[in-house]
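New to this one? Here is a short, informal tour to read with the structure open beside you.

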Amino acid sequence: PEPTPIPQPKETLLLGNILDVDRHDSVGSLQRLAALYGGIYQLKLKDKIVFVSSPSLVTELCDEARFEKYISNPLKEVRNFAGDGLFTSWGEEPNWTLAHRILVPAFSPVAIKKMQGMMMDIITQMLMSWEHHAGQPFEAANSYTRLTFDTIGWCAFRYRFNSFHTSEMHPFINIMVKLLLESQNRARRPGLLNQVFYNTDAAYRENIDELWRQCDEIVAERRKFPDPEAHDLLNNMILDKDPKTGEHLSDENIRYQMVTFLIAGHETTSGMLTFATYYMLKNPAVLVKAREEADRVIAEAGGNLLKMNHAKLTYIEAILKEALRLQPPAPAFTVTPKKEEGETLAGGYHIAKGQAAAVLLHSLHRDPGAWGPDADEFNPERWLDGREIHPNSWKPFGSGARACIGRIFALQEAQLALALIVARFDLEMADPGYDLAIKQTLTIKPDHFKIVARPRFRNQ
Ligand code: HEM
């Protein structure tokens, strides 16, 4: 039978559907289009992309026998500096399998638990900076980005960015942010224009060289002065062998993984923390419960932060999951059929091999069929009251073998940070009337969301 046409807004001559997407709020535009056209639709942007958000169709896209990760246009640009690192490699590239096998144990719950001390080191620095700014409004996302960058630097390769000691971000971080921004712009421009933008291109190349130089220096240093006691990912990458083949990662690939961890690990985690903070402050009863739980778990550890059992922070975990549901910091991931002849989805929608099908997380995560009539409400209890959650309706970390390798890392770091924040500080929004505005780069986070923190015990 003939395939069913995939719904699509009318194309404009030459521009396709570019005008249907507000470039400053593409997530909002794509969500509105899903509400209008349904759980599957397509747009002609630079290429034709299918957007999918119905739980049953997403379930099909998550079937790894039929679909595999597709490296979307922005990710192709990120490949210019993250190479065949885990995030930006195609499934069939040998370095994906090699690095995946070597690194999965390094990101296991047991391995991440061993990083609690290193995580607490940075969290404590953040708490001190909040004390220092007691009573003064500051941008939550800014503080959390310092936290997550410093945490990745310290836990992944024992490198101190020391973001809480300076007003300016570390130059390494600035370079990374510039590269990500430029990658996005490049992904939008037609290829030829990227060469016309010669000056930007030269600066882009220089930034990449500088980023690589700094990573290579860290690796060279560790090779020269091995540190068997450092329970960091750099040791795993240098010392661990593929259990199957005995192979090691090359220095070039280690560099790509370092860049990858910095990119994949910092914005997403800080976005999650910022959204979670926003929703807690909008829902004071949630904040009260989070604090009760944090106080209890800290007391059970006898006040020793290294002994805190983050697995007992189940309510705080539910807050984070709920924030990831309503505002997934990485708002989409993309797959394509594995077979030459493509795949036909239920309803007769055909997707060709090489065509990108994007899972639109905002719409999936608010699907009323999967989430019920309160789908749009922030309600951490839904994770704890025993109700059934549709298995493929919550995908903030992607899916299958290509899902996020760092999710346990991110959740542990964020659980510990939020617990200590609510235990130590009284919090309020700087502007009580603030309504969520979203800032979009490769990821999303609240824009201009300022908070005021006051040490809790000093007030009593
Ligand atoms: C992959 C989200 C934290 C490292 C992914 C993917 C998503 C995601 C959606 C799949 C992308 C795709 O299919 O194209 C998140 C979110 C995080 C987070 C929401 C925090 C809340 C982290 C952290 C690290 C990390 C902390 C590293 C320390 C990676 C890597 C991949 C990945 C290496 C690629 C895995 C592979 O394909 O083998 N992440 N991530 N992420 N993430 Fe995360």
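What follows goes through two sheets, one helix and the surroundings of the ligand. Keep in mind that this is a predicted model.

**The five-stranded sheet**

Let's start with an open sheet of five strands, ordered S1-S2-S8-S5-S3, where the pairing is mixed. Strand S1 (40-44) and strand S3 (67-69) sit at the edges with a single partner strand each, so one side of each has no neighbour in the sheet. On average, and ignoring direction, neighbouring strands here are turned by 35° against each other. As background, strands of a sheet pair through backbone hydrogen bonds, in either a parallel or an antiparallel way.

Here is how the pairs line up, with one residue pair picked out for each:

| Strand pair | Sense | Bridges | One facing pair |
|---|---|---|---|
| S1 and S2 | antiparallel | five bridges | isoleucine 40 and valine 52 |
| S2 and S8 | parallel | four bridges | valine 50 and alanine 357 |
| S5 and S8 | antiparallel | four bridges | phenylalanine 333 and valine 359 |
| S3 and S5 | antiparallel | three bridges | lysine 69 and valine 335 |

S1 and S2 are also linked along the chain: a hairpin of three residues takes you from S1 to S2. Strand S2 covers residues 48-52, and its parallel partner S8 covers residues 356-360. Another facing pair between S2 and S8 is isoleucine 49 opposite alanine 356.

How much of S2 is buried? Four of its five residues are, so S2 is largely enclosed by the rest of the structure. Strand S5 (residues 332-337) is mostly covered too, with six of its six residues buried. In a regular strand, side chains alternate between the two faces of the sheet. You can follow that in S5: Ala332, Thr334 and Thr336 point one way, while Phe333, Val335 and Pro337 point the other way, and all are buried.

A helix joins the picture as well. Helix H1 (residues 26-37) packs on the sheet and touches S1, S2 and S8. The direction of H1 makes about 130° with that of S1.

**The three-stranded sheet and helix H7**

Next comes an open sheet of three strands in the order S4-S12-S9, with antiparallel pairing. Its edge strands are strand S4 (138-139) and strand S9 (425-429), each pairing on one side only. S4 is joined to strand S12 (residues 450-455) by two bridges, and phenylalanine 138 has isoleucine 451 of S12 as its bridge partner.

Now for helix H7, residues 140-157. Does its length fit what you'd expect, or what span should it have? At 1.5 Å a residue, the 18 residues should span 26 Å, and the end C-alpha atoms are 26 Å apart, which agrees. H7 is mostly covered, with 16 of its 18 residues buried. Arginine 158 follows H7, and its phi is positive, near 45°.

**Around the ligand**

Finally, which residues come nearest to the ligand? Out of the 25 residues around it, they are Gly265, Thr268, Gly398, Cys404 and Gly406. Helix H12 (251-282) and helix H17 (407-424) are the elements that give two or more residues to this shell. H12 provides the largest share, seven residues. Sorted by class, the shell around the ligand holds 16 nonpolar, seven polar and two charged residues.

Technical notes:
Residues are numbered from 1 along each chain as its sequence is written. This is a predicted model: local features need pLDDT of at least 70, side-chain atom pairs count only at pLDDT 80 or more; totals for chains, interfaces and linings use all residues. The expected span of a helix is 1.5 Å times one less than its number of residues. A residue is buried if 20 or more other C-beta atoms lie within 10 Å of its own, exposed if 12 or fewer, and partly exposed in between; C-beta atoms are placed from the backbone. A residue is near a molecule or strand if its C-beta atom, placed from the backbone, lies within 6 Å of it. Ala, Val, Leu, Ile, Met, Phe, Trp, Tyr, Cys and Pro count as nonpolar, Asp, Glu, Lys and Arg as charged, and the others, Gly among them, as polar. Two strands pair if DSSP finds at least two bridges between them. Axes are lines fitted to C-alpha atoms, for helices over the stretch in contact, and angles run from 0 to 180 degrees between N-to-C directions. Two residues are in contact if their C-beta atoms, placed from the backbone, lie within 7 Å.
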